[in-house]
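Please open the model in your viewer and keep the selection tool at hand. The tour below goes stop by stop, saying what to select and what is there.

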Amino acid sequence: MLTAPLTTGRSGNTPATIVLAGATGDLGYRIAQALLTRGATVRALVRPGNTKPAVTALRDLGAEIIEVDFNSVAALTKACAGATCVVSALSGLRDVIVDTQKRLLDAAVAAEVPRFIPSDYSIDYTRLPSGSNRNLDLRREFNQRLDQAPIQATSILNGMFTDLLTGQAPVVLFGLKRVLYYGSADQPLDFTTTANTAEYTAAVALDPTTPRYLRVAGEVATVRGLQKAASEATGEPFGLLRVGGLWVLGTLIKVTKTLMPASDDVFPPWQGMQYLHNMFTGLPKLTSLDNGRYPEIRWTPVHEVLATRRLEHTA
Ligand SMILES: NC(=O)c1ccc[n+]([C@@H]2O[C@H](COP(=O)([O-])OP(=O)(O)OC[C@H]3O[C@@H](n4cnc5c(N)ncnc54)[C@H](OP(=O)(O)O)[C@@H]3O)[C@@H](O)[C@H]2O)c1
């Protein structure tokens with residue numbers, strides 16, 4: 001049970017104040033919960049007029065809600081005053097990941113906030129060539145700006161959210177009882193649940209001594225490992241389904257992009273395919289893991305996540 005934040009506020013005897021952008025989102029809300037559990041003061045920045053239930057839920061949890069114009073550095077600077085860390089869990093394309101985060105960064109610097117955590121939470125894009133993943137290219141671009149700013153920054157890299165394996169990511173095919181893949185069934189892949197990523201981010205936000213990058217994986221699993229986890233979770237044997245080499249997936253991505261009309265969707269089908277392609281190449285595999293930095297965090301294994309899907313479907 002965590003009762004006190006790892007750091008205190010700037011005056012030394014008050015709880016640390018963490019400014020959180022994107023608190024109404026899936027990850028951001030859980031970061032807010034984890035920060036509050038650790039005793040921090042959470043200042044959630046929300047867009048004016050946001051009526052999502054998450055706003056009320058955040059307030060009920062004890063977060064301070066600040067409606068702010070994300071287009072105004074002056075307004076953001078005011079909202080950041082006195083904080084020890086700004087955490088971004090924003091999601092979007094260039095206007096959000098590069099432009100809005102840049103304004104938030106400028107505001108954090110202007111308000112003399114010592115630390116900033118960008119909305120990365122991904123596979124290791126630092127090891128990927130540019131052009132191989134649109135959304136990760138935007139993160140690389142923003143982080144180049146972040147590296148120039150007079151502020152201490154920490155990016156959290158966590159692989160793929162394990163939760164995606166129960167639905168969005170077409171890998172564990174529950175109906176067919178197959179694990180679908182391209183390339184090698186022995187390529188190690190990084191998975192971390194959204195909840196674990198949030199817990200870790202909260203710990204990082206309250207820890208003033210973090211390095212530029214922290215890498216975590218709730219579980220490193222190969223496709224064969226996923227097959228075993230799916231069989232264990234469902235009690236039924238799963239097989240493997242190799243569609244082809246990575247070039248096949250590469251071709252499918254090109255075809256899908258060509259056929260789909262251009263849209264502002266952050267996660268069109270081909271974006272998920274790009275993510276999987278990147279993972280199956282092994283390039284963005286996290287090299288050394290920092291899981292042990294906060295020993296109180298219990299990492300949820302893949303089979304536990306897959307079992308929740310089974311429960312949902314039998315309920
Ligand atoms: N590694 C993985 O597999 C994986 C999977 C999913 C997500 N992620 C990453 O996790 C992070 C958070 O994603 P999420 O799924 O939690 O996103 P989400 O649920 O879509 O939430 C996005 C948040 O950003 C806010 N936002 C969006 N555009 C904004 C703007 N222009 N100005 C101000 N706020 C804005 C939203 O606020 P409103 O309430 O006002 O809309 C919301 O709070 C992202 O970096 C995402 O890429 C990683």
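**A pair of helices**

In this predicted model, begin by selecting α1 together with helix α2, residues 53-61, which pack at an angle of about 5 degrees with their axes 10 Å apart. Because of that angle, α1 counts as roughly parallel to α2, the cut-off for this description being an angle under 35 degrees. Next, show the side chains where the two helices meet: Y29, A32, Q33 and L36 lie on the α1 side, and A54, L58 and L61 on the α2 side. Coloured by class, this contact has six nonpolar residues and one polar residue, with no charged residues.

**The ligand and its shell**

Keep α1 in view and now select the ligand, which is surrounded by 22 residues, the closest being T24, G25, L27, S91 and F161. Which element supplies the largest share of the shell around the ligand? That share, three residues, comes from α1, while α1 (26-37), α4 (94-110) and β8 (160-161) each supply at least two residues of the shell. If you colour the shell by class, nine of its residues are nonpolar, 10 are polar and three are charged.

**A203 in helix α6**

For the last stop, select A203, whose place is in helix α6, residues 194-205. Is A203 buried or exposed? A203 counts as buried because it has 21 C-beta neighbours inside 10 Å, where 20 or more are needed. Leaving aside residues up to four places away in sequence, A203 touches Y294 and I297. Finally, select A203 with Y294: these two residues are 91 residues apart along the chain, and their C-alpha atoms are separated by 7.2 Å.

Technical notes:
Residues numbered from 1 in each chain as written. Predicted model: local features only at pLDDT ≥ 70, side-chain atom pairs only at ≥ 80, totals over all residues. Near = placed C-beta within 6 Å. Helix = DSSP H or I, 4+ residues; strand = E, 2+ residues; numbered from the N terminus. Nonpolar A, V, L, I, M, F, W, Y, C, P; charged D, E, K, R; others polar. Axes fitted to C-alpha atoms, helices over the stretch in contact; angles between N-to-C directions. Parallel < 35°, antiparallel > 145°, perpendicular 65-115°, else oblique. Contact = placed C-beta atoms within 7 Å. Buried ≥ 20, exposed ≤ 12 C-beta atoms within 10 Å, placed from the backbone.
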